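Me: I'd like to walk through this one with you, a few questions at a time. Ready to have a look?

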Amino acid sequence: MVNIILFGAPGCGKGTQAARLAEHYDLYHISTGEVIRSEIKRGTELGKSMEGYISRGELAPDSIVVEMVRDYMRTHSDKGCIFDGFPRTTAQAEIFDTMLEEMGSKVDVMVYMDVPEEELVKRILLRGKDSGRADDASEDVIRNRIDIYREQTAIVAHHYAAQDKYAKIDGLGTFDEVFHRLTEVIDEHHK
Ligand code: ADP
């Protein structure tokens, strides 16, 4: 059983690689962004409370996001999982570690996918053309997400580096090249 955090700025390719890694290692895949978008689409109270944050490119409140993950884990703990877009703050990481510990589990590795900012913006704008995601269509919102990533999220790397669970890969290259780099570091961490 292996729990992997895929980490990196918006647009670094986490979602695409997470889906393929989940298949390759037979793991669950949770994207907190996807869970939030599905709540919004279904018009739930939870969704309504998060709409504003997402459209401005801000983070949703820690307490809400953590409860979403806790809820997911209740029915998805029989095998390991890829966490995509979570944890995004140190507070989320701390609660997450405790949550896993209570379940007799742990994070095995956080892999950071390194992609330069200009490439991120380019990729997100391109994705926005067919994803229909409003937060992908405006360059202002995209820059805001990247700024927030730098201010609040990048620091989460230190949290896992301090536990010797941090690895970094180059996120530039073809889909297959990046996938290969990811499997190399993941295999290294759960031999
Ligand atoms: P991206 O990685 O391109 O930003 P995501 O689908 O991961 O896309 O996230 C979309 C939005 O959902 C984020 O901008 C943020 O508002 C919200 N979100 C997702 N995960 C979290 C989280 N762990 N904590 C707070 N907000 C989150």
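Reply: Sure! One term before we start: a residue counts as near a molecule if one of its heavy atoms lies within 4 Å of it. Also keep in mind that this is a predicted model.

Me: Which residues come nearest to the ligand?

Reply: There are 19 residues around the ligand, so with the 4 Å cut-off each has a heavy atom within that distance. The ones that come nearest are Thr32, Glu58, Gln92, Arg127 and Arg145.

Me: Which helix gives the most to the shell around the ligand?

Reply: Look at residues 32-41, which make up a helix. That helix puts four residues into the shell, and its name is α2.

Me: How far is an oxygen atom of the ligand from a backbone N or O atom of Glu58?

Reply: Let's go through some polar contacts, where the pair of N or O atoms has to be within 3.5 Å. The side chain of Lys14 has an N or O atom 3.3 Å from a ligand oxygen, and for the side chain of Arg145 the distance is 2.8 Å. With Glu58 a backbone atom takes part, and the distance is 2.5 Å.

Me: How much of the ligand's area does the protein bury?

Reply: The ligand sits in the largest pocket. On its own it exposes 550 Å². Of that area, the protein buries 97%.

Me: Is Asn3 buried or exposed?

Reply: Asn3 is part of strand β1, residues 3-7. It touches residues farther along the chain, including Gly80, Phe83, Leu100 and Val107. Its relative accessible area is 3%, and because the cut-off is under 20%, Asn3 counts as buried.

Me: Which residue has its backbone oxygen 2.9 Å from a polar atom of the Asn3 side chain?

Reply: Asn3 has contacts with Ser105, Lys106, Asp108 and Val109, among others. The C-alpha atoms of Asn3 and Val109 are 7.0 Å apart, though their positions lie 106 residues apart along the chain. The backbone oxygen at 2.9 Å from the side chain of Asn3 belongs to Lys106.

Me: What is the relative accessible area of Thr89?

Reply: Thr89 lies in the loop between β3 and α5. Leaving aside neighbours within four places in sequence, it is in contact with Leu59, Asp62, Gln152 and Val156. Thr89 is buried, and its relative accessible area is 8%.

Me: Which residue's backbone nitrogen lies 3.1 Å from a polar atom of the Thr89 side chain?

Reply: We've met this residue already, as one of those that come nearest to the ligand. The backbone nitrogen that lies 3.1 Å from the side chain of Thr89 is that of Gln92.

Terms used
Residues are numbered from 1 along each chain as its sequence is written. This is a predicted model: local features need pLDDT of at least 70, side-chain atom pairs count only at pLDDT 80 or more; totals for chains, interfaces and linings use all residues. Side-chain values use heavy atoms; hydrogens and water are left out. Helices (H or I, at least four residues) and strands (E, at least two) are DSSP runs, numbered from the N terminus. Buried means under 20% relative accessible area, exposed over 50%, partly exposed in between (1.4 Å probe, protein chains only). Contact means heavy atoms within 4.5 Å. A polar contact is a pair of N or O atoms within 3.5 Å; within protein, one must be able to donate a hydrogen and the other to accept it, and residues adjacent in sequence count only if both atoms are side-chain atoms. Accessible areas come from the Shrake-Rupley method with a 1.4 Å probe; for residues, only the protein chains shown count as cover. On a 1 Å grid over the protein atoms alone, a cavity is a set of points where a 1.4 Å probe fits but cannot get out, and a pocket is an open set with protein on both sides within 12 Å along at least five of seven lines; lining residues have an atom within 4 Å of a point. A molecule sits in a cavity or pocket if more than half of its atoms lie within 2 Å of its grid points.
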